[in-house]
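Q: Could you walk me through one part of this structure in close-up, starting from how its strands line up? I'm new to this, so please go step by step and connect the details as you go.

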Amino acid sequence: MSSQLVSIYSEEEYFVVSAEIQNQNFAGDVPVWIGLQSNNHNFYWPDNSNANYTHWINGTTSNATAGSCFAWYTTPANNGWWADDCFSRFPFVCKRHTYKNYVNVTANSGTITSFNYPLPYDADGNAIYFITVDPGYVVDLTFNIIGIDDYSLVNVYDGPNVNAPLLETVKKGSHRSMIESSSNKITLQFLVSPESNGKYIGWSANFDSALLETVSGAFMSPNFPANYDNNENVNYTIRVPDNLGIFIIFWSFQSEQNYDFLNLTSSCDNNSWNGGYSVLPFTYNLSCSYAYFNWKTDSSRTYQEGCDMGSYSLIFLILGANIIFCYGTLSNYHNVTVDAVTQCDEGWYYSLDLNQCYYISSELSSFNDAENKCNALSSHLVSVLSQEEYVVVSTQIQNQNFAGVNPAWIGLQSTSSADLYWTDSYSVNYTHWINTTDYPGGYCFAWFSTPANNGWWYQPCGQPLPFICKRHSYMNYVNITTNSGTITSPNYPQPFDADGNTIYFITVDPGYVIDLTFNFIAIDTYSLVNVYDGPNVTAPLLETQVIYFANR
């Protein structure tokens, strides 16, 4: 039974157990054994903890001697505990911790432990912990105590369930380094070996929400490039990987002198910028991995910005290449116009507004088989992230022969505790159910498209159905007409695709030339960026950029 004779730690627990004893047929006839024992007038429970709460018969003192055993009397005249002959044959009351196989924690910080901690965990104490912090943050998890047997372990998964990628397996003697998720969800699976025999105290771990580490980015004053407003108070935070610094480039800066400020606070430096700067762009370096910016304006006049109020770039390895170019002053600043000739593979549908490719297959497949087939096409089962995307995909489904006959698999699943997740790891912030939201856990979801039912509902994951795939489009040709701006590799700062070949055509006003600066290049050994001095790839080659991890 993996339990012990009952221990009573509080008056509340006393009344709970007393009520259960009163419901037994023997109540009032014979006492029942409890786990209390004595040793020289010291009272202790079977787990060797001290008895800090007692309830003797009618408030009297104990009749105990060394080595006494105790029984619970439940007659109307006598309700409480009293010493008795340890060899008497009485009914008895057992106690154990509940089987808590699934633990859902929604908080931005806290502590989780193995069950019973710091007392030994049970041999059948397998458990799964689902931790969720606020959207936009990741989970930092640190094990403080790891006191488990040689065969038990804790698997930590980067997502909402045990099907997510494995981050780390924690075993006896594991190094207690921080583990970080890539989203606002992390899952722990405690697998207990029968060899533990209730002798090991288990583990304890702290978790905190943290800003997702970034590799590059930009921010600017509100309304940029138009005037910023009065009484603005805006915060920006940058977090980069530990032991790396932040390299900031200000492409332009103009604010009301002595009244409107951009303030920097960090562990390694504090600074403030205000007014106008004649030499642009200018740079600023930080040696720490966190930076907090506050943009604050007063209630009087405002100024219009130039190319960019403030932008930051970070000097370390990133995914893809980020190229920033800036030219001109306020008087000849032009809005960016981008003409992207984008395409998908043959047989895929391209959404210009969403910049996504969709493929609908009528081949009947289970959910897992369908996801694997999408993966083989460098895609996932479709995730639907907005009402706009729902309408786009729904329109394509209506054009299929199976529409109204069979539903089609989408990339949505539910955990055993009914938490939802997309197979491409996007958060589930939009849903479109059929009539109701009452769905069970452990199922996969399909898109129904009958006139009476158009929406999503659960199906057994092994059901053979058509399926819908989704992937980023191939951005093969990008035409840009502007005097300043930023261009990036496709998907940036996410990894570029293996088939992401792209040509960028940049044009500024006649009579001017283009100054192009690569801030970061983090590409594989065999990829490269060729830069040509003219309108196409037949122009003279200016430079070939290969893998490089610092500011250029």
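A: Let's start with strand β25 (residues 349–351) and strand β26 (residues 356–365), which pair in the antiparallel sense over 3 bridges. Keep in mind that everything here comes from a predicted model. To find this pairing on your screen, look for Tyr-350, which stands opposite Cys-357 in β26. Strand β26 has another partner to look at: 7 bridges join β26 to strand β32 (residues 465–472), and those two strands run antiparallel. A handy marker there is Ser-361, which stands opposite Phe-467 in β32.

Now for the close-up proper, at the other end of the numbering. Four strands come together here: the 4 strands form an open sheet in the order β3-β2-β4-β5, with antiparallel pairing. The edges belong to β3 (42–44) and β5, each of which pairs on one side only. Try turning the view, and you'll see that neighbouring strands of this sheet are turned by 40° against each other on average, ignoring direction. Zoom in on β2 and β3, and you'll find them paired in the antiparallel sense over 3 bridges. One facing couple to look for is Ser-38, which stands opposite Phe-43 in β3. Helix α1 packs on this sheet, touching β2, β4 and β5, and the direction of α1 makes about 65° with that of β4.

So what does that helix look like up close? Helix α1 covers residues 11–22, which makes 12 residues. From its first C-alpha to its last, α1 reaches 16 Å, close to the 16 Å expected at 1.5 Å a residue. Which residues of α1 are buried? They are Glu-13, Tyr-14, Val-17, Ser-18 and Ile-21. Look down the axis of α1 and these buried residues fall within an arc of 130°, so they line one face of the helix. Flip to the face turned away from that buried side, and you meet the exposed residues Glu-12 and Val-16. As for what covers the buried residues of α1, the list includes β2 (32–39), β4 (69–74), β5 (79–84) and β6 (94–95).

Let's pick one residue on the sheet side and stay with it for a moment. Ile-34 has its place in strand β2. Is Ile-34 buried or exposed? With a relative accessibility of 3%, Ile-34 counts as buried, because the cut-off for buried is under 20%. Leaving out residues up to four places away in sequence, Ile-34 touches Leu-5, Val-6, Trp-45, Phe-70, Ala-71, Trp-72 and Trp-81. Here's a fun one to check with a distance tool: Ile-34 and Ile-8 are 26 residues apart in sequence, but 8.7 Å apart in space, C-alpha to C-alpha.

For a companion to Ile-34, jump along the chain to Ser-449, which lies in strand β30 (residues 444–449). Ser-449 is buried because its relative accessible area is 6%, and buried means under 20%. Not counting residues up to four places away in sequence, Ser-449 touches Ile-397, Gln-398, Ala-403, Gly-404 and Asn-454.

Loops deserve a quick visit too. In the loop between β29 (420–422) and β30 you'll find Ser-425. Its backbone is worth a look: Ser-425 has a positive phi of about 75° although it is not a glycine. Ser-425 is exposed, with a relative accessible area of 59%. Asn-231 also has a positive phi, near 55°, in a residue other than glycine. Asn-231 lies in the loop between β15 (202–211) and β16 (233–239), and is exposed with a relative accessible area of 58%. One more loop to visit is the one between β8 (109–113) and β9 (127–132), home to Pro-118. The peptide bond from Tyr-117 to Pro-118 is cis, with omega near 5°.

Finally, a word on how confident the predictor is. The chain averages a pLDDT of 78, and 81% of the residues score at least 70. Over residues 302–342, though, the pLDDT is below 50, while this stretch has 190 contacts in the model beyond near neighbours in sequence. Residues 547–552 also have a pLDDT below 50, and that stretch has 23 contacts beyond near neighbours in sequence.

Technical notes:
Residues are numbered from 1 along each chain as its sequence is written. This is a predicted model: local features need pLDDT of at least 70, side-chain atom pairs count only at pLDDT 80 or more; totals for chains, interfaces and linings use all residues. Side-chain values use heavy atoms; hydrogens and water are left out. Buried means under 20% relative accessible area, exposed over 50%, partly exposed in between (1.4 Å probe, protein chains only). Contact means heavy atoms within 4.5 Å. pLDDT is the predictor's confidence in each residue, from 0 to 100. Two strands pair if DSSP finds at least two bridges between them. The expected span of a helix is 1.5 Å times one less than its number of residues. The arc is that of the directions from the helix axis to the C-beta atoms. Axes are lines fitted to C-alpha atoms, for helices over the stretch in contact, and angles run from 0 to 180 degrees between N-to-C directions.
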